[in-house]
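Here are some notes for your first look at this one. Have the structure open while you read, and take the points in order.

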Amino acid sequence: MARIVFDPQEAEGLRAAAKAEFPGTPQLAFVLEQLAAEGIDLERCRSWEELRAERGLPPLDETGEDIHGDVA
């Protein structure tokens, strides 16, 4: 299984950010703490196109423009 793990200094930075976010945004604090503790499981990652399709958005066209007309 491929996984991105953070070195101790990076993990501590994520934990500090989680503590700072907890009072106002506990969901974000949870995600940051999970990243620090477990890293990122690359087997579970999805592409931008998969995420767009999941949310009912059209695929990017060949020009790279998104639904707002901005260049991606």
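The points below go from the overall picture to the details.

1. Start with what kind of model you have. This is a predicted model, so a word on confidence comes first. The pLDDT averages 87 over the chain, and 83% of the residues reach at least 70. Among the elements, α1 has the highest mean pLDDT, at 96, while strand β1 (residues 3-4) has the lowest, at 90. As a general caution, where pLDDT is low, the predicted coordinates should not be read in detail.

2. Next, the layout. You will find three helices and two strands in the chain. Read from the N terminus, the order is β-α-α-β-α.

3. How much of the chain is buried? Of its 72 residues, 15% count as buried. The accessible surface is about 5,800 Å², and carbon and sulfur atoms account for 57% of that area. On contacts, take the pairs at least 6 apart in sequence: 40% of them join residues at least 24 apart.

4. Now look inside. The largest nonpolar core has six residues: A11, L14, A18, A29, L32 and A36. The elements that give two or more residues to this core are α1 (8-21) and α2 (26-38). That goes with a general tendency: in soluble globular proteins, nonpolar side chains tend to be buried together.

5. Stay with L32 for a moment, since it belongs to that core. Which residues does L32 touch, leaving out those up to four places away in sequence? The answer is L14, A17, A18 and E21. Two of these, L14 and A18, are core members as well.

6. Then there are the salt bridges, three in the whole structure. One of them pairs R15 with E33, with 3.2 Å between the closest N and O atoms. R15 sits in helix α1 and E33 in helix α2, so this pair ties together parts that are 18 residues apart in sequence. Are the two partners buried or exposed? Somewhere in between: R15 is partly exposed at 26% relative accessibility, and E33 is partly exposed too, with 30%.

7. The remaining salt bridges are worth viewing together. R46 and E54 meet through their side chains at 2.3 Å, N to O. E54 also forms a salt bridge with R55, where the closest N and O atoms are 3.2 Å apart. Shared partners therefore join R46, E54 and R55 into one network. As for how open these residues are, R46 is partly exposed, with a relative accessible area of 45%, and E54 is partly exposed at 48%. R55, at 54%, counts as exposed, because the cut-off for that class is over 50%.

8. Last, a spot on the outside. L28, F30 and V31 form a nonpolar patch on the surface, and together they have about 270 Å² of accessible area. F30 is part of helix α2, which also gives residues to the core described above. Why does F30 count as exposed? Its relative accessible area is 54%, and exposed means over 50%. When you turn the model, compare helix α2 at F30, which is exposed, with L32, which is one of the core residues.

Methods: Residues are numbered from 1 along each chain as its sequence is written. This is a predicted model: local features need pLDDT of at least 70, side-chain atom pairs count only at pLDDT 80 or more; totals for chains, interfaces and linings use all residues. Side-chain values use heavy atoms; hydrogens and water are left out. A nonpolar core is a set of buried Ala, Val, Leu, Ile, Met, Phe, Trp, Tyr and Cys residues joined through side-chain atoms within 4.5 Å. Buried means under 20% relative accessible area, exposed over 50%, partly exposed in between (1.4 Å probe, protein chains only). Helices (H or I, at least four residues) and strands (E, at least two) are DSSP runs, numbered from the N terminus. Contact means heavy atoms within 4.5 Å. Accessible areas come from the Shrake-Rupley method with a 1.4 Å probe; for residues, only the protein chains shown count as cover. pLDDT is the predictor's confidence in each residue, from 0 to 100. A salt bridge is a side-chain nitrogen of Lys or Arg within 4 Å of a carboxyl oxygen of Asp or Glu. Patches are made of residues with over 30% relative accessible area and no salt bridge: like charges are joined within 9 Å, nonpolar side chains (Val, Leu, Ile, Met, Phe, Trp, Tyr) within 5 Å.
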